[in-house]
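Student: Please pick one part of this model and take me through it closely. Begin with how it pairs, then work outwards.

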Amino acid sequence: MKDALELIHAYFPDLTGEQADRFARLEGLYREWNEKINVISRKDMDSFWVHHVLHSLAIARVIRFVPGTRIMDVGTGGGFPGIPLAILFPECRFLLVDSIGKKIKVVEGVREALGLQNVTARQTRVEQVAEKHDFIVSRAVTAFPAFVTWVKGKTLPASRNALANGILYLKGGDFDEEIAPFGSRATVYPITDFFSEPFFETKKVIHLAL
């Protein structure tokens, strides 16, 4: 646990005591929930901090959300990237959605245990979400063009952050063809620019202005 927290502190040295405490409790909570509802593979739990927590926080190296920013995490699974981002940005509002009820049950359990009052979890398809948000985040739930279609019309028109409102998408591999249709609206950030772990060699954050 100490090494894991040192990893987070190395990249995010300005954590408050409350943030550090919440991060410290994450792995134990997910291991406990994973015994009941398998949302993270047993093998992947051994790489929990890099593959899930730090990967989620790559978005925070692309943008520092200003207070009041509204973010929707689509296909959140057990709460990634939404839960780590919500810990890091307590003054922002997060809606975590997934169509699978047992995954939302895990999100709600983790949210309650950590006292994350800035998180709302909802079992639904994104097409059914009426509210609009500044940013929509996700971890490669489908091909990028399909995802853009899913969330069309779900972002607020007026931007208040350093980046234009839109999508922040975590994805690995070669996806030049997937983003080609979006031209200059899409910007790709290699995660290796932020984090040195080998896991991130092919990982990127895509920002698409909507």
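**Strand β1 and its surroundings**

Tutor: β1 and β2 are paired in the parallel sense, with five bridges between them. Two strands count as paired if DSSP finds at least two bridges between them. Strands (E, at least two residues) and helices (H or I, at least four) are DSSP runs, numbered from the N terminus.

A word on the source. This is a predicted model: local features need pLDDT of at least 70, side-chain atom pairs count only at pLDDT 80 or more, and totals for chains, interfaces and linings use all residues. Residues are numbered from 1 along each chain as its sequence is written, and side-chain values use heavy atoms, with hydrogens and water left out.

Back to β1, residues 70-74. Opposite R70 stands R93 of β2. β4 pairs with β1 too, in the parallel sense, over three bridges. There, M72 faces I136.

How is β1 linked to β2? Together with helix α6 (residues 82-88), the two strands make a right-handed β-α-β unit. Right-handed means that, with the strands pointing away from the viewer, the path from the first strand over the helix to the second runs clockwise.

Is β1 covered or open? Mostly covered: four of its five residues are buried. Buried means under 20% relative accessible area, exposed over 50%, partly exposed in between (1.4 Å probe, protein chains only).

Now step out to the whole sheet. It is open, has seven strands and mixed pairing, and its order is β3-β2-β1-β4-β5-β7-β6. β3 (119-123) and β6 (186-190) are at the edges with a single partner strand each, so one side of each has no neighbour in the sheet. Five bridges hold β2 (residues 93-98) to β3, running parallel. In that pair, L95 has T120 as its bridge partner.

Next, a helix. α7 (residues 101-114) lies across β2 and β3, at about 165° to β3. Axes are lines fitted to C-alpha atoms, for helices over the stretch in contact, and angles run from 0 to 180 degrees between N-to-C directions. Contact means heavy atoms within 4.5 Å.

Last, the cores. A nonpolar core is a set of buried Ala, Val, Leu, Ile, Met, Phe, Trp, Tyr and Cys residues joined through side-chain atoms within 4.5 Å. The largest has 57 residues, and Y30 and W49 are among those with the most contacts inside it. A second, separate core of 19 residues includes V74 and L208.
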